[in-house]
Amino acid sequence: MTRIRFDQFSKLFLEELLSPLGTVERNLEVPGEARFVDVWFIPSPQPPEPPIPLGLLGRIASATCLLEPFRNPPTAAEVRNCLLKLFLIQAQQQRQAKKQQISLPEADLPQLWVLASSLTQPQLTGLGTIAQPDWPPGIYHLPSLLRTAMIDISQLPVTRDTLWLRLLGKGQTQEQAIAEVIALPQTDPERAMALRLLSTWKITIDTDHPDIIDSEEQRLTMALSQAFLEWEQATENRGLQQGLQQGLQQGLQQGLQQGLQQGQRQVVEHLLRARFGDLDAQLQAIVPAILRLSPEDYTPLLLHLSRAELLDRFPAQ
């Protein structure tokens with residue numbers, strides 16, 4: 001169960017971070033027998049201005065790549081399967097280039113990045129990995145013809161450059177990264193995005209068979225709880241700031257009240273999206289009725305009631 005929840009979170013997390021930089025596709029099907037790349041990324045020809053400070057992840061995303069996150073150390077079979085997906089995609093691109101009679105330099109072929117919470121020395125030795133001096137500790141390249149690198153997230157230096165990758169780690173590594181996100185300045189746009197995604201992960205854990213949460217997820221939930229509270233507070237604060245601006249034109253008290261309601265509405269809508277995947281017309285219609293309750297009252301209801309129970313409990317407006 002832990003692995004499935006992590007798989008969902010990691011794909012969404014990477015998609016959100018990398019979308020401003022280029023084209024992201026989750027679960028890309030590769031030729032031949034049914035196989036899927038977790039995250040397929042193609043950088044945009046025109047990088048965003050100003051640059052988005054993604055650090056090491058941004059450097060990885062400077063070229064077309066396959067991203068394969070693993071919650072636990074990948075087995076030999078899993079690594080070979082990742083390599084097979086890479087080779088199949090490379091072969092497909094070379095066939096297309098030949099058909100179109102265009103040149104496809106070796107340097108333009110996609111790169112595979114295996115993002116593992118940790119790696120074992122026998123794995124690194126068996127793969128013939130090489131630590132390159134222009135990359136930080138924890139990154140191991142396979143021989144250059146394979147166009148593949150393994151990342152041991154637990155070995156990455158604790159810096160802002162590695163923060164976004166360390167959020168995909170495990171145990172203390174991940175807990176440290178979550179604490180660093182919370183400590184970022186509230187004006188940091190990446191902080192708001194990361195808190196929202198971490199909150200979604202917490203909601204998934206809380207609502208998806210909470211009776212079978214293992215000890216690892218219990219520790220993770222504790223770390224994510226603070227991120228959820230920070231995200232909820234930040235959302236309401238943004239609403240208040242917008243209310244202050246409105247208040248300059250239509251009366252301070254009215255503007256503040258509208259800002260608070262707007263912030264709480266964003267919280268409710270995010271919780272509904274995290275639970276049910278989409279905010280359709282039926283769910284949108286019950287938001288006003290939910291907002292008549294206090295956050296302390298509506299939050300547990302949104303986390304635990306089913307869709308049918310929510311629609312029955314709150315009349316559409």
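**Disulfides.** I searched the whole structure, a predicted model, for disulfides and found zero. I then looked up two cysteines. Cys65 has a relative accessible area of 0%, so I list Cys65 as buried. Cys82 comes to 3% relative accessibility and therefore also goes down as buried, the cut-off being under 20%.

**Overall make-up.** I counted secondary structure next: the protein has twelve helices and six strands. How much of the protein is buried? I noted 46% of its 317 residues as buried. For the accessible surface I have about 15,800 Å², and carbon and sulfur atoms account for 53% of that area.

I also checked how contacts are spread along the sequence. Taking contacts in the protein between residues at least 6 apart in sequence, I found that 62% join residues at least 24 apart.

**Val181.** I picked one residue to follow up. Val181 sits in helix α6, which spans residues 172-183. Is Val181 buried or exposed? Its relative accessible area is 0%, which means that Val181 is buried, since anything under 20% counts as such.

Which residues does Val181 touch, leaving aside those up to four places away in sequence? I wrote down Leu163, Trp164 and Leu167, and, at higher residue numbers, Arg191, Ala194 and Leu195.

I took one distance from Val181 as well. Ala192 is eleven residues from Val181 in sequence, and their C-alpha atoms are 8.9 Å apart in space.

Note on methods. Residues numbered from 1 in each chain as written. Predicted model: local features only at pLDDT ≥ 70, side-chain atom pairs only at ≥ 80, totals over all residues. Heavy atoms only, no water. Disulfide = S-S within 2.5 Å. Buried < 20%, exposed > 50% of the residue type's maximum accessible area, 1.4 Å probe, protein only. Helix = DSSP H or I, 4+ residues; strand = E, 2+ residues; numbered from the N terminus. Contact = heavy atoms within 4.5 Å. Areas by Shrake-Rupley, 256 points an atom, 1.4 Å probe, with all protein chains shown as cover.
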